[in-house]
Protein chains: 2
Amino acid sequence: MLSFVLIGTGNVATHLFNAFLNVDEVAIKQVFGRNRETLKYFSEHCSITTNIDAIVNADIYLIAVTDDEIASVSEIVSRKPGIVAHTSGSISMASIRSKRKGVFYPLQSFTKNKEIDFTKIPICIEASDEKGLSTLNTFANFLTESVNEISSEKRKKLHLAAVFANNFSNHLFQIAQELCETESLPFELIQPLILETVDKLSVLNPKKAQTGPARRNDVLTMQQHLDELNNPIHKKIYQLLSQSIKETYEKKL
Amino acid sequence: MLSFVLIGTGNVATHLFNAFLNVDEVAIKQVFGRNRETLKYFSEHCSITTNIDAIVNADIYLIAVTDDEIASVSEIVSRKPGIVAHTSGSISMASIRSKRKGVFYPLQSFTKNKEIDFTKIPICIEASDEKGLSTLNTFANFLTESVNEISSEKRKKLHLAAVFANNFSNHLFQIAQELCETESLPFELIQPLILETVDKLSVLNPKKAQTGPARRNDVLTMQQHLDELNNPIHKKIYQLLSQSIKETYEKKL
């Protein structure tokens with residue numbers, strides 16, 4: 001049986017909490033937060049506290065707060081016996097101010113009120129000592145088939161890759177939606193294409209899957225597209241991404 | 001019973017051909033192509049020809065060739081009785097050189113040897129006369145639940161939106177893969193995130209779903225990410241898309 005205290009009550013904290021609620025081998029001892037309102041949900045299932053001095057002992061202290069609060073929050077539990085692990089993609093393990101440090105980073109984008117199946121989500125772990133690594137490994141294995149020991153340096157690169165794959169691609173979907181709306185076309189028309197773009201990755205890597213005017217160097221279509229774009233920043237994005245696609249394949253030749 | 005002649009033997013032609021093979025109410029009368037080698041596959045199922053003069057009569061002539069060949073290829077069947085429709089997203093209907101013109105544009109990205117379920121794919125139709133529109137409507141309805149009458153002008157905008165949603169987002173996935181590979185990290189680590197990015201669109205529109213350092217205006221993380229990027233064009237893409245995300249939400253305030 002592994003026990004943990006959850007520190008934080010936001011989106012990632014809530015998703016991890018809900019996932020561990022279903023794991024019999026893990027005891028959620030307590031949730032610590034500063035906001036009584038957001039703590040309410042957790043209080044239905046376990047002990048909660050807003051008092052630093054009332055934090056109980058546990059095997060793991062899981063810090064799920066915003067990046068810039070991790071260091072200061074880790075201070076709160078620095079004298080506790082368990083390993084103190086944060087859940088961030090971009091903060092190095094060294095930022096944790098306790099002797100036994102760790103990272104427990106689920107590589108996923110969590111949406112409020114949208115349930116997530118953790119079994120396929122990669123969890124990236126790291127620890128300052130072997131025992132801590134073993135504890136986090138066991139802990140992560142209760143949730144997912146994909147537990148990966150990844151250093152802070154590599155995790156940062158992974159997080160950067162995730163920004164391109166998730167944040168930036170979502171922004172392109174948003175531009176596509178905007179373009180549809182200017183013509184009173186429903187965004188739903190584009191959704192099967194988006195689904196297929198991603199489904200394709202299961203049989204082809206993105207480098208081989210690339211299609212479109214830039215890939216074909218279809219100058220005429222690209223010029224027409226640029227003429228149709230009214231928003232100057234959309235024009236710039238079109239030009240830059242087209243140029244980047246062209247360069248990717250020119251390099252290959 | 002509707003009959004059609006398929007003109008072209010490429011990727012889109014093959015996918016449409018395979019889809020209509022399963023439709024009892026549609027007779028594929030013939031496939032016309034210039035390349036005997038690529039015609040072979042079709043010859044197993046129907047009549048084929050490389051001879052313009054041998055093209056038979058049909059209700060519909062479906063032109064699935066590259067954009068810049070559509071006009072000249074349409075000439076071949078300009079005196080035939082049926083409606084001549086191309087399958088392109090970006091070419092206007094007026095480019096077709098026949099009296100009865102039409103468009104039959106399946107809004108999807110087709111991959112060689114990857115089967116596609118047409119039932120959810122939007123097909124955008126347009127025709128120069130009411131009878132032609134009715135014919136194409138019936139024809140499209142045999143394949144999909146989503147038949148949409150869309151003008152050439154609107155279709156062009158839709159195609160442009162598709163470039164952002166499909167071609168450009170795929171390129172971002174490719175950059176993410178490259179970033180993973182420079183650290184010997186498997187791209188598979190990112191794939192559940194990509195799946196979720198798209199799955200999220202079923203409950204939230206992309207404008208509301210946006211997350212990440214640019215959305216939060218997390219200047220420190222963005223600077224760290226820029227420092228980590230070695231490829232100058234990746235840096236530019238990071239900067240431009242971050243700026244565009246920021247501007248999108250500033251406008252809203």
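## A tour of the two chains and their interface

Every interface residue of chain B, 100% of them, is also an interface residue in chain A, so the copies meet through the same surface. The model is predicted, with local features needing pLDDT of at least 70, side-chain atom pairs counting only at pLDDT 80 or more, and totals for chains, interfaces and linings using all residues. Residues are numbered from 1 along each chain as its sequence is written, chains are lettered from A and ligands numbered from 1 in the order in which they are written, and side-chain values use heavy atoms, with hydrogens and water left out.

Begin by selecting both chains: chain B can be laid on chain A with an RMSD of 0.0 Å by a turn of 180° and a shift of 0.0 Å along the axis, the superposition being by least squares on the C-alpha atoms of residues with pLDDT of at least 70 in both. That is the relation of a two-fold axis. To find this axis from chain B, select B:Ser169, whose C-alpha is the nearest to it in that chain, at 2.5 Å.

Next, colour the interface, where 87 residues of chain B are in contact with 87 residues of chain A (contact means heavy atoms within 4.5 Å). The two chains bury about 8,400 Å² between them, 67% of it on carbon and sulfur atoms; buried area is the accessible area (1.4 Å probe) that two parts lose on being put together, summed over both. Six salt bridges cross this interface, a salt bridge being a side-chain nitrogen of Lys or Arg within 4 Å of a carboxyl oxygen of Asp or Glu. For a salt bridge between the chains, select A:Lys157 and B:Glu183, whose side chains meet at 3.2 Å, N to O.

Now centre on B:Phe164, which, leaving aside its neighbours within four places in sequence, is in contact with B:Ser169 and with residues of chain A including A:Leu172, A:Ile175, A:Leu229 and A:Tyr238.

Finally, show chain A alone, which is divided into domain 1 (2-150) and domain 2 (155-252), with bounds that come from an automatic or database domain assignment. The C-alpha centres of these two domains of chain A lie 36 Å apart, and their contact takes 14 residues from domain 1 and six residues from domain 2. The area buried between domain 1 and domain 2 of chain A is about 770 Å², of which carbon and sulfur atoms give 61%. The count between these domains is one salt bridge. As a last selection, take A:Arg155 and A:Glu126, whose side chains meet in a salt bridge at 3.2 Å, N to O.
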